[in-house]
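User: Hi, could you walk me through this fold one question at a time? Please explain your terms as we go.

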Amino acid sequence: LFCSTNAFTLGGKITGLKADGLILTNGTIGGTVGVPKDAVGFTFANQVAFGQTYGVTILQQPTGQTCSLANGVGEMGDAAVDNIQVTCT
């Protein structure tokens, strides 16, 4: 009998992204996600295990825009995280 820790997706919503080039990274477990212009959301390919911390930051700003990030740091609970907010101007 094997036990394993549940893992869940990590993502969020994006507003105002009008250019290519935005790259987000999860510095805790690794992995990046490139976000195309006009995207309204994102999800990392690597799932995060229950109880593990995550720390999402902006690795690269989109061309000609500046984005800020909210709710990027936390500890994975028992459900997917989808409340990270990226706002671009």
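User: How many bridges join β3 to β7, and in which sense do the two strands run?

Analyst: Happy to start there, and note that this is a predicted model, in which local features need pLDDT of at least 70, side-chain atom pairs count only at pLDDT 80 or more, and totals for chains, interfaces and linings use all residues. Residues are numbered from 1 along each chain as its sequence is written, and side-chain values use heavy atoms, with hydrogens and water left out. Strands here are DSSP runs of E with at least two residues, numbered from the N terminus, and two strands pair if DSSP finds at least two bridges between them. For β3 and β7 the bridges number four, and the strands run antiparallel.

User: Which residue in β7 is the bridge partner of Thr25?

Analyst: Along this pairing, Ile23 stands opposite Gln60 in β7. For Thr25, the bridge partner in β7 is Thr57.

User: In what order do the four strands of the open sheet come?

Analyst: β7 also pairs with β9, in the antiparallel sense and over three bridges; there, Thr53 has Glu75 in β9 as its bridge partner. β4 and β9 (73–75) stand at the edges with a single partner strand each, so one side of each has no neighbour in the sheet. The pairing in this open sheet is antiparallel, and the order is β4-β3-β7-β9.

User: Which element gives the most residues to the largest nonpolar core?

Analyst: A nonpolar core is a set of buried Ala, Val, Leu, Ile, Met, Phe, Trp, Tyr and Cys residues joined through side-chain atoms within 4.5 Å. Buried means under 20% relative accessible area, exposed over 50%, and partly exposed in between, with a 1.4 Å probe and protein chains only. This core has 20 residues, and Leu10, Ile14, Leu22, Leu24, Val35, Phe42 and Val86 touch the most other members; the elements giving two or more residues are β2 (10–15), β3 (22–26), β4 (32–35), β7 (53–60) and β10 (81–88). With four residues, the top contributor is β10.

User: Which residues of the chain does Phe42 touch, beyond those up to four places away in sequence?

Analyst: Contact means heavy atoms within 4.5 Å. By that rule, Phe42 touches Leu10, Gly11, Gly12, Lys13, Ile14, Leu24, Val33, Val35, Ile84 and Val86.

User: Which cysteines does the disulfide join?

Analyst: A disulfide is a pair of cysteine sulfur atoms within 2.5 Å, and the structure holds one. One partner lies in strand β8 (residues 67–70) and the other in β10, so the pair ties together parts 21 residues apart in sequence. The torsion about the S-S bond is about 105 degrees, so the disulfide is right-handed. With S to S at 2.0 Å, the joined residues are Cys67 and Cys88.

User: Is Cys67 buried or exposed?

Analyst: Its disulfide partner, Cys88, counts as buried because its relative accessibility is 6%. Cys67 has a relative accessible area of 6%, so Cys67 is buried.

User: Which residue forms a salt bridge with Asp38?

Analyst: A salt bridge is a side-chain nitrogen of Lys or Arg within 4 Å of a carboxyl oxygen of Asp or Glu, and a search of the whole structure finds one. Asp38 is partly exposed at 48% relative accessibility, and its closest N and O atoms to the partner are 4.0 Å apart; that partner is Lys18.
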